[in-house]
Amino acid sequence: MVQVNTGRRNRSLWAALGVSLALVTDLVSSAWAVDRLGTRPVAGTHGGLVQLRVVANTGASFGLGAGHEALVALAEAGALVVLIVLALRTPSRMTAFFVGGAAGGGLGNLIDRTIGPHGSHTGAVIDWIHVAPYPAVFNVADLWIRVGLVAAGLMLLMRARRSPKGEPAALESDPDHRSAGRASPTDRRS
């Protein structure tokens with residue numbers, strides 16, 4: 001019983017680390033973009049692979065829902081709750097870290113949308129990175145969301161493939177769960 005609680009606490013710490021890193025890197029980079037790039041249309045080489053330009057995106061990814069800021073913020077808040085619950089229930093520390101990173105990215109976008117860096121662009125997310133030929137401008141929070149979810153999904157798929165038939169993948173080879181629910185040879189009684 002103590003090992004399960006310790007494992008849950010370890011995963012919570014890894015999830016909190018993911019949330020913290022994603023949130024700090026997003027908020028700092030967005031503030032930098034607003035301060036340094038301002039309203040200039042493009043910084044960097046015109047037509048180059050990477051261009052930096054500040055865009056106030058009132059919609060979700062790819063501008064979906066633009067003009068409906070309250071609905072987009074509500075959907076982001078709901079997704080954030082789901083990600084936090086998943087991060088706390090995930091079977092491993094690294095998966096918790098990546099889901100936590102996705103949650104931190106979502107929190108960064110929600111903060112952008114509701115407060116904005118320096119109180120500007122309320123109702124919009126500050127996007128400022130464009131990589132050709134990707135069709136949208138994005139920010140560091142978006143990177144954390146996408147990379148975090150893809151990495152967590154791949155880790156869960158690999159874990160499920162390694163799990164012996166009949167044994168739940170969540171208990172297989174996780175040091176936090178090794179003895180959870182199983183009696184050791186010395187504890188078994190005939």
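The following paragraphs lead through a predicted model, beginning with its largest pocket and then turning to α3 and the loop that precedes this helix.

The largest pocket encloses about 380 Å³ of space. Its lining is made up of 25 residues, and those nearest the centre of the pocket are S61, E76, N109, D142 and I145. Four elements each give two or more residues to this lining: the helices α2 (69-89), α3 (93-114) and α4 (140-162), together with the strand β2 (125-131). Of the contributors, α2 gives the most, with 6 residues. In chemical character, the lining divides into 15 nonpolar residues, 5 polar residues and 5 charged residues.

One of the elements that line the pocket, α3, can be followed along its length. This helix has 22 residues, and the distance from its first C-alpha to its last is 31 Å, close to the 32 Å expected at 1.5 Å a residue. Most of α3 is covered, since 17 of its 22 residues are buried. Just after the helix, G116 adopts a positive phi of about 80 degrees.

On the other side of α3 in sequence, the loop between α2 and α3 contains T90. Is this residue, T90, buried or exposed? The relative accessibility of T90 is 6%; because buried means under 20% relative accessible area, T90 counts as buried. When neighbours within four places in sequence are left aside, the contacts of T90 are R11, T95, A96 and L156. Among these partners, T95 and A96 fall within the range of α3 (93-114), while L156 falls within that of α4 (140-162).

Notes:
Residues numbered from 1 in each chain as written. Predicted model: local features only at pLDDT ≥ 70, side-chain atom pairs only at ≥ 80, totals over all residues. Heavy atoms only, no water. 1 Å grid on protein atoms, 1.4 Å probe; cavity = no way out; pocket = protein on both sides within 12 Å on 5 of 7 lines; lining within 4 Å. Points joined across faces, edges and corners; volume = space filled by probe spheres on them. Nonpolar A, V, L, I, M, F, W, Y, C, P; charged D, E, K, R; others polar. Expected span 1.5 Å × (residues − 1). Buried < 20%, exposed > 50% of the residue type's maximum accessible area, 1.4 Å probe, protein only. Contact = heavy atoms within 4.5 Å.
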